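Subject: Handover of a structure, with notes

Dear colleague,

I am passing on the structure below, together with some notes that may help when you open it. Please read them alongside the coordinates.

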Amino acid sequence: MVVCLADGDRVARPLALAALASQHGPGPLLLGLGLLVLSVAPGLGILTTVARWLRAGDWRYSLLAALVVALLLGGALLG
């Protein structure tokens with residue numbers, strides 16, 4: 001992304017993970033997977049919190065945390 005911005009390319013294009021593996025060895029694939037893990041980790045943490053609060057019977061906080069997960073998911077899907 002930084003290289004594209006430095007070259008003046010201002011348009012984001014989707015790229016499949018399989019295409020990353022076919023280019024320049026495993027480096028770009030590992031970088032892509034690392035970014036994917038970093039972006040998914042907060043959502044999984046909040047989902048775990050929702051499950052724990054539901055188990056504890058705290059409906060108010062679990063509903064609010066579920067709303068945060070829905071907002072994260074909506075933001076990820078809408079871009």
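What follows is a description of the fold, the confidence, one aromatic pair and its surroundings, and a surface patch.

Please keep in mind throughout that this is a predicted model. The chain averages a pLDDT of 81, and 78% of the residues score at least 70. Confidence varies between the elements, with helix 2 (residues 17-22) having the lowest mean pLDDT, at 62, and helix 4 the highest, at 90. Where pLDDT is low, predicted coordinates should not be read in detail.

As to the fold, the chain has four helices and zero strands, and read along the sequence it follows the pattern α-α-α-α. Of its 79 residues, 9% count as buried. The accessible surface of the chain comes to about 6500 Å², and 73% of that area belongs to carbon and sulfur atoms.

A search of the whole structure for aromatic pairs finds one. The partners are Trp-53 and Tyr-61, whose ring centres are 5.5 Å apart and whose planes stand at 40°, so the pair is classed as tilted; the reason is that planes under 30 degrees apart would count as stacked and those over 60 as edge-to-face. Trp-53 is partly exposed, with a relative accessible area of 32%, and Tyr-61 also counts as partly exposed, at 43%.

The surroundings of this pair can be followed from Trp-53, which lies in helix 3. Not counting residues up to four places away in sequence, Trp-53 touches Asp-58, Tyr-61, Ser-62 and Ala-65. For Ala-65, which is twelve residues from Trp-53 along the chain, the separation of the two C-alpha atoms is 9.1 Å. Ser-62, for its part, is found in helix 4 (residues 59-78), and, leaving aside neighbours within four places in sequence, Ser-62 is in contact with Val-50, Trp-53 and Leu-54. Is Ser-62 buried or exposed? With a relative accessible area of 4%, Ser-62 is buried, because the term applies to values under 20%.

On the surface, a nonpolar patch is formed by Leu-30, Leu-33, Leu-36, Val-40, Leu-44 and Leu-47, which together have about 530 Å² of accessible area. One of these residues, Leu-47, has its place in helix 3 (residues 27-56) and is partly exposed, with a relative accessible area of 44%.

Finally, there is a point to note towards the start of the chain, where Ala-16 has its place in the loop between helix 1 (2-6) and helix 2. Ala-16 is partly exposed, at a relative accessible area of 47%, and the C-alpha atoms of Ala-16 and Leu-29, which are 13 residues apart along the chain, are separated by 9.8 Å. When you look at this region, please recall that the helix on one side of that loop, helix 2, has the lowest mean pLDDT among the elements of the chain.

With best regards

Technical notes: Residues numbered from 1 in each chain as written. Predicted model: local features only at pLDDT ≥ 70, side-chain atom pairs only at ≥ 80, totals over all residues. Heavy atoms only, no water. Phe/Tyr/Trp six-rings, centres within 6.5 Å; stacked < 30°, edge-to-face > 60°. Buried < 20%, exposed > 50% of the residue type's maximum accessible area, 1.4 Å probe, protein only. Patch = residues over 30% accessible without salt bridge, like charges linked within 9 Å, V, L, I, M, F, W, Y side chains within 5 Å. Areas by Shrake-Rupley, 256 points an atom, 1.4 Å probe, with all protein chains shown as cover. Salt bridge = Lys/Arg side-chain N within 4 Å of Asp/Glu carboxyl O. Helix = DSSP H or I, 4+ residues; strand = E, 2+ residues; numbered from the N terminus. Contact = heavy atoms within 4.5 Å. pLDDT = per-residue confidence, 0-100.
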